[in-house]
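Here's a quick briefing on how one pair of packed helices fits together. Take a look at the structure first, then read on.

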Amino acid sequence: MLKKFASVRKILTLGLVLSIIFAAYSIYYKITYWGFSFWPKQTTKIWTIEAHVSFTPNGDPIKVSLASPYASDDFKILDEDIVAPNYKVKKDDKNKRIILTSDSIEEEQNIYYRILLFDNEDAKGKIAAPVPPAPKKPIMDEQMAATAAKLLKLADTMQGDEVQKVIRLLNQTPPDSTVVAFLPMKKTQKELSLAISRLLSLKGIPNRTARGIKLEEDKTSFSADLMMEAYIDGVWKLYDIKTAKKGKPENFVLFQRGGNSLIDVEGGNDSSIKFSVMKSITSSLNLAGKRAKLANQEDNFNLSVFSLPLYEQNTIKWLTIFPLAILVIVLIRNVIGITTMGTFTPMLIALALVKTGLIPGLICFSIILSIGLGLRALLSKLNLLLVPRISAVVIFVILMMQVMTVLGYRFSVDIGLSAVFFPIIIMAWIIERASITWEEEGPANAWREVIYSVIAAVLVYAIVNNEVTRHIMFVFNELNLVILFIVMLFGTYTGYRLTELKRFAPLVRDN
Amino acid sequence: MFHWFGKLFANYASPKELREAGILGMNRRNFNVISKYNKRRLYPLVDDKVQTKILANKIGINTPGLIGVIEYQHEVKNILEIVKGYKEFVVKPAHGSGGKGVLVIKDYDNDIFTTTSNKKLTYNELYQHISNVLSGLYSLGGKYDVAVIEELVHFSNIFQDYSYQGIPDVRVIVYRGYPALAMMRLATAESDGRANLHQGAVGVGLDIRTGKAVNAVMHNLPITHHPDTGVDLMKLEVPFWREHLEIATKAYEMTGLGYLGADIVLDKYRGPMMLELNARPGLAIQIANHVGLAKVLKKIDKYYPKKLGPQERLDFVLKNN
């Protein structure tokens, strides 16, 4: 007897361990490649950036070299698209440039480059950078060198780190006379960045300019921002050249680093590049497929429930919570030892409560039950046969639901509206069972059965009606398998139930 | 700090205490005893009272005489013809349990039927009751059922003072053919004439060798006197004890169930009779006897000889307990 018992438990335990290992790997896989998370983050921001390049051709063959953005860990490129008819497009991934070539054309040219970025909020972190060589000393005439030296000395009186001191000094208002000698009063961003770069190089701090755009909602036709990057303490740090603010501004995407320009046009004049940004919000799960594609994990993804249309996904989301509810029922019955009406009745009530909300649902449940019991008491006087009688109760329930819904709508009482969510047949059986128990064993027993069932339902509800639980059970649906083995293992649980500890207590407490 | 916690569980025993006392819990009963010794295919033998009766008669176990069976709705109107010549009769669902749907008619003419608790039913009400039985109202799982009409048991006067109305019966738990524990169930006013312990009937634990009371409980708590009749329960002694146990012991051969509960009543004229068998007998018998069932089952597993006939097993129990 013991031998067989032990082996069943062993097999199930092994199954449980294997399913946990599988689930752990699968969860890791989904987080890594599909971007799933334990928290129900409903949406992900998607940025559409449109770069509009325009220039006037001068008759020579055209070659346009455009900087493409750096995919960082915090912004991933979802999709890109170039609208440039008559051009040959080549991508230079190493230098992050897109090369467009064409024979000579006459008229004014407009090229659109569109990229979709998604905000990879889960993975924002630091990027390691290779150590750059020491900067070359800038070449300056004697007078300029003296001014620069003076400026560096002045900079020491400013606040912040080495880089910030320089930036702050050059941006001082009103500017110091020494600054004016070094930099014109009306300076362009480019002149300012050049001045900063020269002073930093003089100090021996590796630096480079960087261009990027700040992602803001519905910005149109603006130029890229110029930033300064300096290599300090082993990492490249980004500085705003006006405010000296350190670090990458929020929602900032880098397009280009170092001396190269954002755009080079051969065979054209008056080139300009203007950006537009549009923000859109999309469900995180919608993006999973694209993320999987980026990670070359498409095949696995297409076999998962997340590749289904949204409607089917929602149905499955509803289904995946059931195993957890079932586990709670198993605990209530076999470990706590509460007897309820029907095995899964409390679970079905609980799932209805999820849709209606706890208090309105319970009130609605009580109303249906009380009226139903009243009507059922009248029915029992008619001495109908069982099937027609229970059928009549089912129709009662349906009629009650209609009346409650209409009244609820008329008087804007949500409680009435929630009536339709209760499973009709289950309600009818609860009424039938309660009324039979009432007749045979008295109202006290009938109420006890109903109340125990409701308590069990509320317990299930408390666990099931949690956004995080629901999210986790759906997104990591391999947990269903783990629950399956846990439930089966409970099938071999031979310990005492909680209620038995009380029931049999008189046997060990001698009076 | 955990004072409130302690208070909350003051009425609870620890699992360790129960284990040491050899108390059998529901989970262990289901997993280690029932699913091991009771094959599913044998259940219909005890769940269907008609089959049980036929089997019992074959093996020579006394049961209340069968008057007739009503299988179909259109036969219900024949009820008066079926019971013709009988002064009294019992209607019960073949697949009922716990006394549900049992109607005991002690006297009737063509219109009025009087039950043992002096309730008067009209013919229509009787007709309705039988219809309810057929439609499965009282059967396990609500399946269509048949109504069994059988002879009334004439209760021995010996127990008259021990039971408030209702029918006292003896429940014997038989494990692998050996009577393990026994109790007598006595109806009270609170249990409304029924012998169900959870409805407030009195359970009197009986010594398995002698049939004498060893302990009595009501609502799981020890008592010494019947709450309604006031009689001293400790003086209870079941006569024809060997015959009682014989029925229980033979039930093992009859059904092949390794764990069963036999419900036996004592008829004034015919002696002990088997009323019904149960393939999933409850655990309240432990409380009535103030003994853990697991302990008894373990003893039977370990020390009782296997492969004996019913009479030999009976002798073994009566001598060696």
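What follows covers helix 9 and helix 10 of chain A, with the pairing first and then helix 10 on its own. Keep in mind that this is a predicted model. Two packed helices are described by the angle between their axes and the distance between the axes, and the briefing starts there.

**How the two helices pack**
- Helix 9 of chain A spans residues 322–336, helix 10 of chain A spans residues 345–356, and their axes sit 9 Å apart at an angle of about 135°.
- That angle makes helix 9 of chain A oblique to helix 10 of chain A.
- The crossing of helix 9 past helix 10 in chain A is right-handed.

**Who touches whom**
- On the helix 9 side of chain A, the contact comes from Ala325(A), Ile326(A) and Ile329(A), while helix 10 of chain A brings Pro346(A), Met347(A), Ala350(A) and Leu351(A).
- Sorted by class, this contact between helix 9 and helix 10 of chain A has seven nonpolar residues, with no polar and no charged ones.

**Helix 10 by itself**
- With twelve residues, helix 10 of chain A reaches 17 Å from first C-alpha to last, close to the 16 Å expected at 1.5 Å a residue.
- Helix 10 of chain A is mostly covered, with ten of its twelve residues buried.
- Among those buried residues are Thr345(A), Ile349(A), Leu353(A) and Thr356(A).
- The buried residues of helix 10 pack against helix 9, helix 11 (358–381) and helix 14 (424–464) of chain A.

**Just past the end**
- Right after helix 10 of chain A comes Gly357(A), with a positive phi of about 95°.

Methods
Residues numbered from 1 in each chain as written. Chains lettered and ligands numbered in written order. Predicted model: local features only at pLDDT ≥ 70, side-chain atom pairs only at ≥ 80, totals over all residues. Axes fitted to C-alpha atoms, helices over the stretch in contact; angles between N-to-C directions. Helix = DSSP H or I, 4+ residues; strand = E, 2+ residues; numbered from the N terminus. Parallel < 35°, antiparallel > 145°, perpendicular 65-115°, else oblique. Left-handed = near helix turned anticlockwise from the far one by under 90°. Contact = placed C-beta atoms within 7 Å. Nonpolar A, V, L, I, M, F, W, Y, C, P; charged D, E, K, R; others polar. Expected span 1.5 Å × (residues − 1). Buried ≥ 20, exposed ≤ 12 C-beta atoms within 10 Å, placed from the backbone.
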